[in-house]
Amino acid sequence: MNRFIVASHGWSASNYVAHVLSLHPQIACAHSAAAILADDKAVFDGDNLRRRIPELRKGYVARQQLGLEERYRMLEQQVLQLSSGSVKDDQSRWLGTVHTYRMRDLPVQLGKFGFGRGSQYRLVNLVRHPLDLVVSGFGQFLDLFKIDINEYAWSLNKIVAVKNGINFVEDAVEGTEYKPGDYEVICFASACAVLGSLRLDVDATEELSSSESSPFEYLGVVRMEDIVSSPDAVGNLVSLLTSGETVISHAYLEDVASVKKVNRHNHASPDGTLARWEKLQGWQKKLFANFFAHFELRTPYEEIGYNFDFLAEIE
């Protein structure tokens with residue numbers, strides 16, 4: 001099978017993207033660190049997330065400890081076994097993953113495992129407006145930390161590891177009713193600390209883009225906001241990932257149109273970046289702004305079309 005990678009940090013409609021890609025008769029697609037085939041869009045909804053935590057933990061380790069080529073070989077065997085004797089068996093010419101890898105994982109894979117002669121992966125980076133990503137992550141952490149102590153501890157350590165991270169938290173809540181260790185504060189600060197991972201992705205993208213011997217054919221950034229806007233945008237993504245070798249039928253686009261929102265993490269959040277910003281409390285705005293500035297993300301994200309004029313409110 002030909003192969004593609006949709007690198008993504010998460011909280012960026014990665015579940016939706018994997019699912020709608022898997023609806024195409026010529027594509028088999030897996031999602032998340034656990035590399036679970038994306039046929040079931042509800043795989044991480046509700047109690048399913050709690051049940052899948054052990055698989056996700058193994059997947060986090062596999063990103064660094066299992067060679068990417070070996071993982072794709074395992075996925076291909078799984079797809080062929082599941083589809084044996086079906087029409088899709090003959091038509092599934094493309095195998096892909098979404099959010100199984102982040103951009104920052106790929107230089108590690110390249111340096112640690114290497115790739116066979118002739119290996120080629122078409123690669124895009126799925127991104128989202130950083131504020132929307134933080135708000136979504138905040139919503140997920142409010143639920144997740146209660147059932148996953150490992151993730152809670154890991155995220156708390158990320159705050160502490162950021163230079164001045166503790167000061168950011170303490171300064172943001174000073175003079176408010178909140179304390180630095182309050183659960184809501186830790187959840188939001190943890191989501192802000194994730195911005196450091198976006199910085200790593202930006203740096204990795206520059207490294208991979210400049211490599212002349214990489215097995216990754218980097219095709220550029222794909223914005224979540226564009227992909228979820230219409231079935232045609234999904235069709236364009238399919239064409240990009242598969243070199244235009246797949247048929248984008250009307251029936252496929254109708255299937256995509258029938259898929260509603262998948263795995264929304266923050267149900268209390270309004271739609272739209274500016275509306276989300278306006279709903280944040282003052283301490284949350286300050287906390288986001290400090291972490292965002294610390295990781296120097298404004299320029300690379302403005303270059304791909306995102307707007308941050310709302311930050312003038314607290315600058």
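These notebook entries record what I looked up in a predicted model of one protein chain.

**Entry 1: the chain as a whole**

I began with the secondary structure and found 16 helices and 6 strands in the chain. I then turned to the overall dimensions. The C-alpha trace spans about 65 × 40 × 40 Å along its principal axes. The radius of gyration of the chain is 20 Å, which agrees with the value near 20 Å expected for a compact globule of 315 residues.

Next I looked up burial and surface. Of the 315 residues, 52% count as buried. The chain exposes about 14500 Å², and carbon and sulfur atoms supply 50% of that area. I also noted how contacts are distributed along the sequence: among those with a separation of 6 or more, 77% join residues 24 or more positions apart.

**Entry 2: helices α1 and α12**

I asked myself how many residues of α1 are buried. The count is 9 of 9, so that I describe the helix as mostly covered, a residue being buried when its relative accessible area is under 20%. The buried residues are S14, N15, Y16, V17, A18, H19, V20, L21 and S22.

I then examined how α1, residues 14-22, packs with α12, residues 231-241. The angle is about 75 degrees, and the axes are 11 Å apart. The two helices are therefore roughly perpendicular to each other, since angles of 65 to 115 degrees are classed in that way. On the α1 side, Y16, V17, V20 and L21 make the contact; on the α12 side, V234, L237, V238 and L241 do so. I sorted these residues by class and obtained 8 nonpolar, no polar and no charged.

A general point helped me to read the spacing of such residues. An α-helix has 3.6 residues a turn, so residues three or four places apart point the same way.

In α12 I recorded A233, V234, G235, L237, V238 and L241 as buried. After this helix comes S243, whose phi is positive, near 60 degrees.

**Entry 3: helices α9 and α10**

I looked up a second helix pair for its angle. Helix α9, residues 183-193, and helix α10, residues 195-210, pack at about 10 degrees, with their axes 4 Å apart. That makes α9 roughly parallel to α10, because the class takes in angles under 35 degrees. Their contact brings A191, C192 and A193 of α9 to L195, G196 and S197 of α10. By class, this contact has 4 nonpolar, 2 polar and no charged residues.

**Entry 4: V173 and H129**

Is V173 buried or exposed? I found that V173 is buried, with a relative accessible area of 4%. This residue belongs to helix α8, residues 165-173. Setting aside neighbours within four places in sequence, I listed Y178, K179, P180, V185 and W283 as the contacts of V173. I also took one distance: the C-alpha atoms of V173 and K279 are separated by 17 Å, and these residues are 106 residues apart along the chain.

H129 lies in the loop between β5 and α6, which covers residues 130-144. Its relative accessibility is 4%, and H129 therefore counts as buried. Which residues does H129 contact, apart from neighbours within four places in sequence? They are E225, T273, Y306, N307, F308 and F310. The C-alpha atoms of H129 and F291 are 15 Å apart, with their positions 162 residues apart along the chain.

**Entry 5: three loop residues**

I looked for positive phi values in residues other than glycine. S32 has phi near 80 degrees, and its place is in the loop between β2 (27-31) and β3 (36-37). At 3% relative accessibility, S32 counts as buried. N164 has phi near 70 degrees, and it sits in the loop between α7 (149-161) and α8. With a relative accessible area of 39%, N164 is partly exposed.

Lastly I looked up G114, in the loop between α5 (105-112) and β5 (121-127). G114 is partly exposed, with a relative accessible area of 28%. The C-alpha atoms of G114 and A191 are separated by 33 Å, and these residues are 77 residues apart along the chain.

Notes
Residues are numbered from 1 along each chain as its sequence is written. This is a predicted model: local features need pLDDT of at least 70, side-chain atom pairs count only at pLDDT 80 or more; totals for chains, interfaces and linings use all residues. Side-chain values use heavy atoms; hydrogens and water are left out. Axes are lines fitted to C-alpha atoms, for helices over the stretch in contact, and angles run from 0 to 180 degrees between N-to-C directions. Angles under 35 degrees count as roughly parallel, over 145 as roughly antiparallel, 65 to 115 as roughly perpendicular and the rest as oblique. Contact means heavy atoms within 4.5 Å. Ala, Val, Leu, Ile, Met, Phe, Trp, Tyr, Cys and Pro count as nonpolar, Asp, Glu, Lys and Arg as charged, and the others, Gly among them, as polar. The radius of gyration is taken over C-alpha atoms; the globule rule is 2.2 Å times the number of residues to the power 0.38. Buried means under 20% relative accessible area, exposed over 50%, partly exposed in between (1.4 Å probe, protein chains only). Accessible areas come from the Shrake-Rupley method with a 1.4 Å probe; for residues, only the protein chains shown count as cover.
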